[in-house]
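Reader: I should like to learn how to read a structural model of a protein. May we go through one together, feature by feature?

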Amino acid sequence: MKLRRPRMAPSAYVWLLLAAIYFVIPLYSTLDFSLKENKAGTPCCTLHNYGWVVHNGDFWHTIKISFLLALETIVISLVLFVPTIYWVHLKLPRLRPVIAFMALVPFVVPPIVMVVGLLRTFNGAPGWYYGTPWGFLATAYVILAFPYMFFSLDAGFRAIDVHTLTEASQSLGARWTTTLVRVILPNIRAAALAASFLTLAIVMGEFTIANLAAFHTFPIFLQYVNESQGFPAGALTLLSFAITWAAMLSLLLIGRKRGARGAVVPATR
Amino acid sequence: MADEGRRVGIATQAAPRALRPDLASGRRRLPLAWLATLPFFAYTIAFLFVPAASVMIGAFQDKANHGTFSNIRLLFHHPYIDAYWGSIRISLITAVAGAVLGMFIAYAAIRGGTPRWIRSVLTTFSGVAANFGGIPLAFAWIATLGPLGVVTTWFRNAGWDITYQTPHFQISSERGIELAYMYFQLPLMILVIAPAIDGLKREWREAAANLGAKQWQFWRYVGIPVLMPSFLGAFILLFGNAFAAYATAYSLDNGINIVPILIGDYYTGNVLDNPHIAQALAFGMFVVLAVMMVIYIPLQRRAARWAK
């Protein structure tokens, strides 16, 4: 038998080409739309729609809300998960499957079901919670982030020797908080960042819960523009893509560099 | 409680005692260590389990919060039952198509002969595409196949007017929504199935060839049985993914009769009536997902039996 360099199979060409066409055309069409003038019949190309976006007060307002909401969600999630997973790895390894199960539940509960439950449960809660995105939406988004946070951080903690680090830190006289913030956290930084970028991508694109709970976040604004003005919506959509891409690519870059792995499964349908 | 001293590893053996002076000083091995996980459990119960339970309870109550089956009974009538069929139909079609086509694409990218960069481009892209759904995705499809869409215009110039001649091919039709869903179903399948395809070892193929197996025989007796458990698992994931989808469908056609849209209508004000019906609809979604799991688990067990 003679060894030869394997050549690419013809069927592989066909499949990959079809996939490429399917995936690229909608992106191309969006770009094409975003460069059209808002009147029929004018030829390509204009940056008018991008100007519209940049000068739109509602755009800045809603994107600020969504971004701050993402930050709040990330902070709450990290505060909730980092000490818990640390503690579980250090002292309660038997509890790990329980936490893993609870972190997976949000995958099984569709957001549309979750928001129905949340609205019913917290109907009548104080206005600072029920009536503001910083209360109601943030707590819901933390739940959406559960699977990503857990699997990313859990992988991060498994890659380090929690016991030795803790022992070393404590024998030098550090308190628990010092150990956690100055010893453990720097060691799981890549995992924490990966989880944070995923959470950012999810929160910046989440529509279901915000729509049913009637909060004006960026995706709600995007839908409003979709319904009312087609061409600026193209520019806005590309921008929204860019945010997701930036978040996901940062995540992949971190993963490549530091060996952190994040669960990459969707939540913003 | 777990005795960490039993954990293997030189470094870890000394650790628990050093960290737990209470171990040395006496037998006070109180379950205090659990307390540190209390915030996590409290949060999960308050914002996940209580709301989920509240949906289930609300589904069986009337407007005065008395127990009743009337909401559940209503689910079996028009338009609710049709919404369930619509949701199940879209989820099944996109899950089957996504799983099968996604597997072919993943296999084409991974198999020997395909340059490695193609694989990394495909998985990177899938990681991103699986995460952009919802409103932006819907708009991208409207720009493609909507009444003014780029591809629609190409077709119109070629003499085929999708909007008028074949309305069931419009992006706001059920077929159109399925086409749009594939944009996140395919990448998800590619991400999930790629490790399983990696597990198909080259040597098996060579061994089969040496024993005289033809291509189809390799797939029939080796390839497909090996991939089956992962394939079924991915299929369930895709089904649930499409079943839960709300934003994409809402943006493409907020009149389509699927369960998430019906639930949404109760809250966004298009239908103002009994909120318990929305809770019953949500409860029904749980039931459908649970039924899928009940079908899936024995299938999965059967498919994975040989692997032991």
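Author: Let us begin with burial. In this predicted model, buried residues make up 49% of the 269 residues in chain A.

Reader: How many helices and strands are there in chain A?

Author: Chain A has 13 helices and 0 strands. Read from the N terminus, its elements therefore form the run α-α-α-α-α-α-α-α-α-α-α-α-α.

Reader: What share of the contacts in chain A with a separation of 6 or more comes from residues 24 or more positions apart?

Author: Such residues account for 79% of those contacts.

Reader: At what angle do the axes of helix α4 and helix α7 of chain A cross?

Author: The axes of α4 (residues 96-108) and α7 (residues 133-158) of chain A cross at roughly 130° and come within 7 Å of each other. An angle between 115 and 145 degrees counts as oblique, so α4(A) is oblique to α7(A). Their crossing is left-handed.

Reader: Which residues make the contact between these two helices?

Author: From α4(A) come A:I99, A:A100, A:A103, A:L104, A:P106 and A:F107, while α7(A) supplies A:I143, A:L144, A:F146, A:P147 and A:F150. By class, this contact has 11 nonpolar residues, with no polar and no charged ones.

Reader: How many residues does each chain give to the contact between chain A and chain B?

Author: Chain B gives 75 residues and chain A gives 76. On the side of chain B, the largest share is the 12 residues from helix α3 (residues 38-58) of chain B. By class, that side of chain B has 52 nonpolar, 21 polar and 2 charged residues.

Terms used
Residues are numbered from 1 along each chain as its sequence is written. Chains are lettered from A and ligands numbered from 1 in the order in which they are written. This is a predicted model: local features need pLDDT of at least 70, side-chain atom pairs count only at pLDDT 80 or more; totals for chains, interfaces and linings use all residues. Axes are lines fitted to C-alpha atoms, for helices over the stretch in contact, and angles run from 0 to 180 degrees between N-to-C directions. Helices (H or I, at least four residues) and strands (E, at least two) are DSSP runs, numbered from the N terminus. Angles under 35 degrees count as roughly parallel, over 145 as roughly antiparallel, 65 to 115 as roughly perpendicular and the rest as oblique. A crossing is left-handed if the near helix is turned anticlockwise from the far one by less than a right angle, and right-handed if clockwise. Two residues are in contact if their C-beta atoms, placed from the backbone, lie within 7 Å. Ala, Val, Leu, Ile, Met, Phe, Trp, Tyr, Cys and Pro count as nonpolar, Asp, Glu, Lys and Arg as charged, and the others, Gly among them, as polar. A residue is buried if 20 or more other C-beta atoms lie within 10 Å of its own, exposed if 12 or fewer, and partly exposed in between; C-beta atoms are placed from the backbone.
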